[in-house]
Structures are given as structure tokens and as C-alpha cells.
Amino acid sequence: MPTPPLPVNRADFDQVIVPTFAPAAFVPVRGEGSRVWDQSGRELIDLTGGIAVNVLGHAHPALVAALTEQAGQLWHISNVFTNEPALRLARKLVEATFAERAFFCNSGAEANEAAFKLARRFGHETGGAQKHEIVAALNSFHGRTLFTVTVGGQPKYSDGFGPKIEGIRHVPYNDLEALKAAVSDRTCAVVLEPIQGESGILPADQSYLEGARELCDAHSALLIFDEVQTGVGRTGDLFAYMHTGVIPDILTTAKSLGGGFPIGAMLTTERIARHFGVGTHGTTFGGNPLACAVAGAVIDIVNTPEVLDGVRQRHQWFRERLERIGERYGIFSLIRGRGLLIGCVLSDAWKGRAKDVFDAAEREALMVLQAGPDVVRLAPSLVIERADIDEGLDRLERAIATLVGA
Ligand SMILES: *Cc1c(COP(=O)(O)O)cnc(C)c1O
């Protein structure tokens with residue numbers, strides 16, 4: 001007889017988990033598509049997609065099949081050996097993008113850590129020790145390792161952990177003149193999110209990305225796009241750079257790549273990958289068969305016209321309704337973002353109240369996200385049903401009406 005599971009609830013969190021998070025009051029136990037059930041059996045609509053991760057919703061049959069099939073074959077083999085799912089996934093990513101080489105890891109932070117280390121190694125080998133500066137945008141988010149919080153340029157995440165990584169320069173986002181002033185022959189890389197995610201779903205201007213590309217070329221620096229949040233169909237293209245026509249030297253992705261199974265990837269060209277020779281970087285779990293089998297199934301499904309066109313169509317459905325809600329209650333001043341990465345910018349009267357909307361939505365059995373205190377963020381499944389969108393936005397409207405009435 002298997003041991004029955006230990007009974008636990010939300011109160012246990014405060015007793016046994018390191019308090020880096022403050023999760024909602026309910027505990028989800030099951031998901032299917034864009035619906036989630038909690039311990040009490042309450043059914044919620046999920047417009048968060050696990051923060052842009054559950055790219056095909058919960059328990060998608062093709063992903064369950066890929067995972068369980070691989071689970072019966074081979075879970076882990078170490079990087080002393082290669083494996084078929086990793087090779088297949090790399091083939092698919094290389095075929096679908098500018099890239100010629102992939103490095104697999106387990107998270108967005110690790111993908112960026114690899115990208116920054118590779119850029120530094122590239123700088124060192126092509127321009128000497130002084131070519132080590134990384135130029136990044138203020139208010140960007142690249143992960144929580146010490147290197148990535150330092151590059152992220154948000155003191156609230158990087159201060160108070162002792163000496164920081166040196167040689168990082170921060171510039172205001174979307175300010176090409178500031179970028180010009182910061183990039184020099186000492187620069188080994190410029191790193192940008194095509195849409196700043198965590199700090200408010202703020203898209204880069206086309207001319208900014210083009211200008212960044214030109215600056216990198218002029219100074220033999222690498223252009224890194226952090227597509228951890230925007231990648232894998234989220235914006236209606238397989239990767240956001242495809243819409244802009246600006247091609248990076250290194251692209252990092254994670255969140256949606258595994259559809260909920262942890263995996264990250266750094267993609268680059270052969271010319272740059274060469275600077276990471278045998279033994280210069282590594283990982284125990286990166287490229288493991290389970291993660292790569294699931295990610296391979298994700299790419300097969302997401303990288304199709306049906307799904308990508310569907311993302312653009314769903315964006316329109318969301319946008320029209322959100323704009324109406326915004327006008328009716330005076331709550332949103334702007335709906336921004338691309339595809340199914342949507343930011344509802346709170347109007348002046350509502351500034352700082354994204355958490356109130358989050359809480360009110362939860363009371364209506366709706367899961368939404370914040371992106372900073374002034375933006376309500378939606379990042380649902382790319383294949384969310386029309387009925388779930390309509391019902392979800394009905395619930396959002398009820399939540400907002402309650403807040404207005406209160
Ligand atoms: C979430 C995120 C990361 C960090 O990814 P983790 O998997 O949490 O390490 C990095 N960059 C961007 C743009 C992100 O949105």
C-alpha cells in the first residue's frame with residue numbers, strides 16, 4: 001500500500017518554506033486547459049499561464065504523452081553522454097531560428113548566465129581583457145543569480161548581496177542616444193528584452209532595436225535578446241525578434257519552452273558558440289531527456305500557423321474587451337503588449353493598485369498577474385478557448401466593478 005499523502009495547506013507555507021514568495025491564499029491541485037481547481041474544489045480561470053510558462057495550458061494531452069513516454073525510457077544520463085530528445089530539440093530550434101547552436105539548461109536565469117559568460121569569453125578572446133562590459137537596460141529582468149540580478153539593473157533585486165559583478169552599464173530602455181553613449185569598444189554585449197516583461201510589458205521601439213544592432217556591429221559587440229518571457233509563440237511569432245527583423249547574436253529562452261517542465265536554452269551562431277569550448281561551461285541537468293522531450297513536443301505544436309495565427313486572433317479578443325472595461329470603469333489608460341503577453345496599464349486614479357485587482361480577481365475565481373504595481377498582466381495559454389477568455393473577462397469585469405463600488 002502506498003503511503004497516503006501528508007495533509008498540507010497554505011498555512012504550512014509560512015512554516016516550512018523560505019519566505020521569498022507570498023503566494024495566494026488558495027492551493028491549486030489540478031489544471032486542465034485554462035481551468036484550475038484548488039484544494040476546496042473551487043474552479044478558477046487561469047489567465048496567468050504560470051507566468052508565461054503553461055504555453056499550451058494545463059495537462060495538454062500531447063505534452064502529457066511526450067513526458068510519460070519519455071519517463072518510461074530514460075530520465076537522466078548526464079552530459080558525459082548525449083541523448084536523442086536533446087538532439088531533436090536542438091535540430092528543431094536551429095531549423096526554426098537564426099541560430100546554429102543550442103545550449104540547454106534549466107531556467108531563464110541559467111540561460112542568461114550562459115549568455116553573459118559566453119559574451120565575456122567572446123570579448124576576452126576577440127578584444128582582450130578590457131572588452132568585458134555588458135550594457136543593459138534599467139528596469140530589465142534577467143533572472144535571480146548574482147550575475148543576472150546585477151545585469152537586470154533593479155536595485156531592489158541586486159542590492160544587499162555584497163560586491164556585485166563589475167563591468168555592467170545601465171541605460172534607460174528605448175533611449176537610443178543613451179545606448180550610443182554607453183556602447184564602446186570595451187562592450188562585449190548589449191542585452192535587451194524585446195518587450196520588458198516584469199517591469200510592465202513595455203515593448204521596445206523598432207528603431208531602438210535596429211539602432212542597438214547597428215551599434216553592436218560597429219563595436220564588434222554581441223546583441224543578446226532575452227526572450228525568456230517573449231519566446232515560444234507568446235507574441236504571435238515563434239520568437240519576438242522575428243517580428244522586428246532584427247537578428248540577435250544570442251537569444252535566451254525558457255519559460256514557455258517546456259510548457260511547464262523546467263528547461264532553458266541559449267541559442268547562438270557557430271562563430272560565437274566556438275568560444276565556449278569543452279569544459280568552459282556546463283550543467284548537470286541541462287539538456288536532460290525529460291525536459292527536451294516535452295520541449296520538442298511544445299515546439300512541434302506552437303510553431304504552426306494555426307497556433308501562431310490563433311495567438312494574434314486571441315490578442316484582438318482580449319484587447320477589444322479590455323479596452324471596453326478600461327473605458328467603462330476608468331481603470332486602464334492603455335492596453336499594450338503583443339500576442340498573449342498583455343499589459344493593462346492602470347490609469348492615474350488607479351496607480352499602484354495592481355495588487356488590489358489581483359486580489360479582487362481571485363475572489364471572482366480568476367487568476368491574473370501583476371507586472372509591477374501599475375500594470376495588470378495577462379499571459380494565458382496560447383490555445384485558451386474563446387469561452388474561457390469571455391468568462392475570464394466577465395469575471396475580471398465583475399472584480400473591477402466590485403472595486404469601483406467599494
Ligand atoms: C522570468 C524571466 C527570467 C528568469 O527566468 P527564471 O526561469 O525565473 O530563471 C529572465 N528573463 C526574463 C525576461 C524573464 O521574464
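**Exercise 1. Count the salt bridges in this predicted model, then work out which parts of the chain the pair Arg42 and Glu362 ties together.**

Solution. Start with the total: the rule gives 31 salt bridges. Now take one of them, Arg42 with Glu362, where the closest N and O atoms are 3.0 Å apart. That separation falls inside the 4 Å cut-off. Next, place each partner: Arg42 sits in the loop between strand E2 (35-38) and strand E3 (43-46), while Glu362 belongs to helix H14 (residues 354-363), so the salt bridge links parts that are 320 residues apart in sequence.

**Exercise 2. Describe how domain 1 and domain 2 meet, beginning with their bounds and ending with the classes of residue on the side of domain 1 that touches domain 2.**

Solution. Let's go step by step.

- Bounds: domain 1 is made of 10-60 + 305-405, and domain 2 covers 74-302.
- Spacing: 27 Å separates the C-alpha centres of the two domains.
- Residues in contact: domain 1 supplies 26 residues and domain 2 supplies 25 residues.
- Area: about 2,200 Å² is buried between domain 1 and domain 2, with 60% of it coming from carbon and sulfur atoms.
- Salt bridges: the rule finds three across this interface. For Glu198 and Arg377, which form a salt bridge, the closest N and O atoms are 2.9 Å apart.
- Polar contacts: ten residue pairs across the interface are in polar contact.
- Elements: on the side of domain 1 that touches domain 2, two or more residues each come from helix H2 (49-52), helix H13 (305-329), strand E13 (332-338), strand E14 (341-346) and strand E17 (375-378). H13 gives the largest share, four residues.
- Classes: this side of domain 1 has 16 nonpolar, six polar and four charged residues.

**Exercise 3. List the residues around the ligand, then find which ligand atoms pair with Ala109, Phe141 and Asp226.**

Solution. First, the list: the ligand is surrounded by Ser107, Gly108, Ala109, Asn112, Phe141, His142, Gly143, Glu193, Asp226, Val228, Gln229 and Lys255.

Second, look at the backbone. A polar backbone atom of Ala109 is 2.7 Å from an oxygen atom of the ligand, whereas a polar backbone atom of Phe141 is 3.1 Å from a nitrogen atom of the ligand.

Third, turn to a side chain. Asp226 places a polar side-chain atom 2.8 Å from a nitrogen atom of the ligand.

Key: Residues numbered from 1 in each chain as written. Predicted model: local features only at pLDDT ≥ 70, side-chain atom pairs only at ≥ 80, totals over all residues. Heavy atoms only, no water. Domains from an automatic or database assignment. Contact = heavy atoms within 4.5 Å. Buried area = accessible area lost by both parts, 1.4 Å probe. Salt bridge = Lys/Arg side-chain N within 4 Å of Asp/Glu carboxyl O. Polar contact = N/O pair within 3.5 Å; in protein donor to acceptor, adjacent residues only side chain to side chain. Nonpolar A, V, L, I, M, F, W, Y, C, P; charged D, E, K, R; others polar. Near = heavy atom within 4 Å.
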